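Please open the model in your viewer, switch to a cartoon representation, and keep the selection panel at hand. The tour goes from one selection to the next and says at each stop what is there.

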Amino acid sequence: MNHYETVFILNPVLSETQVKETVSKFEDYLTSKGAEFVSKEDWGLKKLAYEIQNKKSGFYHLFEFKAPSAPLRRFQHEFRRVERDMRFLTVALDKHAISWAERRREKLKAKAN
């Protein structure tokens, strides 16, 4: 199984329940295809660096997961089908990126405590 990270931005006009439904839909899809979540982060509403679809902000989310590479193409297709999604990016993580992500999570935990 490969290690992946997906960041996606949802439309800012969505209600909180619509955002949760959309995030849950993507989580359920990955879980049904045998993915194992390492981390899920909700970064909240953030200002965009440039306008996307005439919007200046969006709800950011990050998934870090381990999954076989076969269902990944279909996962990306799911993002394209959902109108609530403005942008997404999925990258495969190498050993250096994985260790960096672990250190980042540890820093976030230390800040929270």
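How many bridges join strand 1 to strand 4, and do these strands run parallel or antiparallel? Select the two strands together: seven bridges join them, and they run antiparallel. Bear in mind throughout that this is a predicted model.

Stay with this pair and show individual residues. Ile9 has Arg87 of strand 4 as its bridge partner, while Phe8 has Phe88, also in strand 4, as its partner.

Next, add strand 3 to the selection. Strand 1 and strand 3 are joined by nine bridges and run antiparallel, and here Thr6 can be found standing opposite Phe63 of strand 3. With strand 1 still highlighted, colour by accessibility: seven of its nine residues are buried, so this strand is largely enclosed by the rest of the structure.

Now display the whole sheet. It is an open sheet of four strands in the order 2-3-1-4, with antiparallel pairing. Strand 2 and strand 4 (85–92) are the edge strands, each of which pairs on one side only. On average, neighbouring strands of this sheet are turned by 20° against each other, if direction is ignored.

Bring in helix 2, which packs on the sheet and touches strand 1, strand 3 and strand 4; the direction of this helix makes about 165° with that of strand 4. Then select helix 3 (residues 95–112), which lies across strand 1, strand 2 and strand 3 and runs at about 85° to strand 2.

The last selection is helix 1, residues 16–32. Its 17 residues should span 24 Å at 1.5 Å a residue, and the C-alpha atoms at its ends are 24 Å apart, which agrees with that expectation. Show the side chains of Val19, Thr22, Val23, Phe26, Tyr29 and Leu30, which are buried. If you look down the axis of helix 1, these buried residues fall within an arc of 120°, so they line one face of the helix. In an α-helix there are 3.6 residues a turn, so residues three or four places apart point the same way.

What covers the buried residues of helix 1? The cover includes strand 1 (2–10), strand 2 (36–52), strand 3 (55–67) and helix 2 (72–81). Rotate to the face turned away from the buried side, and you will find the exposed residues Glu16, Thr17, Lys20 and Ser32. To finish, step past the end of helix 1 to Gly34, which follows the helix and has a positive phi, near 90°.

How values were computed
Residues are numbered from 1 along each chain as its sequence is written. This is a predicted model: local features need pLDDT of at least 70, side-chain atom pairs count only at pLDDT 80 or more; totals for chains, interfaces and linings use all residues. Side-chain values use heavy atoms; hydrogens and water are left out. The expected span of a helix is 1.5 Å times one less than its number of residues. Buried means under 20% relative accessible area, exposed over 50%, partly exposed in between (1.4 Å probe, protein chains only). The arc is that of the directions from the helix axis to the C-beta atoms. Contact means heavy atoms within 4.5 Å. Two strands pair if DSSP finds at least two bridges between them. Axes are lines fitted to C-alpha atoms, for helices over the stretch in contact, and angles run from 0 to 180 degrees between N-to-C directions.
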